[in-house]
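Take a walk through this protein chain, from its outer surface to its interior and back to a single helix. Keep the picture in view as you read.

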Amino acid sequence: MTTTTESLPRRALLAATSPAPRAALWRTGLLATVVWLALGALVLKWPNKEVGFSDWAYTDEFGYAALAAAALLAVLSLGGQLTERATELLRPAGQWLVVLPLLIGVWEILTAKLGVLPTPFFAPPQSLIEVYAEDWPRLGLSTAHSLRLLAHGFASGAVVGFLVGVWIGWSRIAGYWVHPALRFLGPVPASALLPLAFFFAPSSYAAAVFLIGLATFFPVAVLTWSGVAAVNKSYYDVARTLGASESFLVLRVAIPAALPQVFVGLFMGLGAAFSVLVTAEMMGVKAGLGWYLQWSQGWAAYSNMYAALIVMAALCSGLITLLFKVRDRALSWQKGTVKW
C-alpha cells in the first residue's frame, strides 16, 4: 500500500509546508542602537573643553567604539534568525544597554565637554581607556599579585575555619571551650590587628595572608558550626542503626548536611577577605591593587585609581559568581535558592 500526501493529517501537512517563523524584531535593541549612536556622535562632534592641556587622549577611539557598539546592536536587532541566539543572550540586559550609554554620556558632558567636575579629581570615560591601553603592565601585575595574596589568605582561612567549625559542631568539649573564645574574639575586625600582624609576622606578605585568613576564618567557622549543630538527630540514629562509625557520621552525614551553611560562610568570608586585602596592601605590601590605589592617589592619577576600582569590582564579582557556580554544582538539589 502506498502512502500519499492526502492521507497525512491536515495539521502535519501545513506544518511541513509552511515557512519557518521569522525572528521577532528586538525593539529594545533598536532603541539601544540609537542611544549608542548618539553617544558616539556626542563624543566625536562636540569638542572637549581644554583644561590646562591640549586635549583628552583617546577621545576619537572612544567615539568610534560607541559607534561600533551601535552597529553591533543594529545587526543583532535586525539580523533575524542568523543572530537569534546571540540576541536571546542579550535580551535580559536590554534595558541596561539603553541606560548605560545615557549615564556615560552624562559623565562625558560633565567632565570632558563642559568641565563642570574639576580635574584631576574627575576624569572622562576616555581617560580609563588611556589607563588600560598604556598602563596595563603595571595594572595587570598588581591584579596578579592581589589574586595570589587573596588565594593564599582565603584558602588558608576557609580550610581552618571549616575544620574548626566541624570540630565545634561535633565535639561537646570543643563546643564548651572553643566556641566562647570564637564568639568573643571573632567579631574583632581583622584590620584592627594590622599593627600586631606586621610586627610579629616575618614579612609583610605573611602578615597580609594572616589577616585575610583571619577575616575569612570567622564567618566560615561560625556558619559551619551552625550547620553541623543543626543537623537532624534522626539522621545520626538511622546511620548508627546501620552500623555507621563516628568518622562516617562526620564525613557522610554531618558535613554534607551542613554544606548549605558552609557556602554561606564562604560567601561572607570572601567579601571580608577582599576588604582586608585592600587595607593590607595599602599598609605594607609592595604590590597589588591596594598598593596601586595608594600609588595613584600619591601621584594624583585619579584616572588610574578609577581604572583600578573597576578592575577590583569586576574581580570580586567574578570570584563570587565562580563560587556560586561551585555551590550550584555541589548542591544541585538547592540550585537557584540563593541568587546572585
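The chain exposes about 20,000 Å². Carbon and sulfur atoms supply 69% of that area. Keep in mind that this is a predicted model.

One part of the surface deserves a look. Trp46, Val106, Leu110, Leu114 and Val116 form a nonpolar patch there. Together these five residues have about 410 Å² of accessible area. Find Leu114 in the patch: it sits in the loop between helix H5 (94–113) and helix H6 (125–134). Is Leu114 buried or exposed? Its relative accessible area is 39%, so Leu114 counts as partly exposed.

Now consider the overall build. The chain has 14 helices and zero strands. Read from the N terminus on, every element is therefore an α in the run α-α-α-α-α-α-α-α-α-α-α-α-α-α. The chain has 340 residues, and 38% of them count as buried. Contacts also link distant parts of the sequence. Take the contacts with a separation of 6 or more: residues 24 or more positions apart account for 72% of them.

Next, go inside. The largest nonpolar core has 45 residues. Which residues have the most contacts inside it? They are Leu149, Leu150, Ile212, Leu266 and Phe274. Several helices build this core. Those giving two or more residues to it are H6, helix H7 (136–170), helix H9 (194–200), helix H10 (204–229), helix H12 (246–283), helix H13 (289–298) and helix H14 (302–330). Zoom in on Phe274. Leave aside its neighbours within four places in sequence, and Phe274 is in contact with Leu150, Met312, Leu315, Cys316 and Leu319. Another core lies apart from the largest one. This other core has 13 residues, among them Ala32, Leu39, Val43 and Ile104.

Charged side chains come next. How many salt bridges does a search of the whole structure find? It finds four. One of them joins the side chains of Lys113 and Glu108, at 3.7 Å from N to O. Both Lys113 and Glu108 are buried.

Another salt bridge pairs Arg138 with Asp135, and their closest N and O atoms are 2.6 Å apart. These partners differ in cover. Arg138 has a relative accessible area of 33%, so it is partly exposed. Asp135 has 12%, so it is buried.

Asp328 and Arg327 form a salt bridge too, with the closest N and O atoms 3.7 Å apart. Buried means under 20% relative accessible area. Asp328 counts as buried because its relative accessibility is 18%. Arg327 counts as buried because its relative accessibility is 3%.

Finish with one helix, H13. Its buried residues are Leu289, Gly290, Tyr292, Leu293 and Ser296. Why do they line one face of the helix? Seen down the axis of H13, the buried residues fall within an arc of 160°, so they line one face. What covers these residues includes H6, H7, H12 and H14. Those four helices also appear among the elements that give two or more residues to the largest core, as does H13. After H13 comes Ala300, whose phi is positive, near 55°.

Conventions:
Residues are numbered from 1 along each chain as its sequence is written. This is a predicted model: local features need pLDDT of at least 70, side-chain atom pairs count only at pLDDT 80 or more; totals for chains, interfaces and linings use all residues. Side-chain values use heavy atoms; hydrogens and water are left out. Patches are made of residues with over 30% relative accessible area and no salt bridge: like charges are joined within 9 Å, nonpolar side chains (Val, Leu, Ile, Met, Phe, Trp, Tyr) within 5 Å. Accessible areas come from the Shrake-Rupley method with a 1.4 Å probe; for residues, only the protein chains shown count as cover. Buried means under 20% relative accessible area, exposed over 50%, partly exposed in between (1.4 Å probe, protein chains only). Contact means heavy atoms within 4.5 Å. A nonpolar core is a set of buried Ala, Val, Leu, Ile, Met, Phe, Trp, Tyr and Cys residues joined through side-chain atoms within 4.5 Å. The arc is that of the directions from the helix axis to the C-beta atoms.
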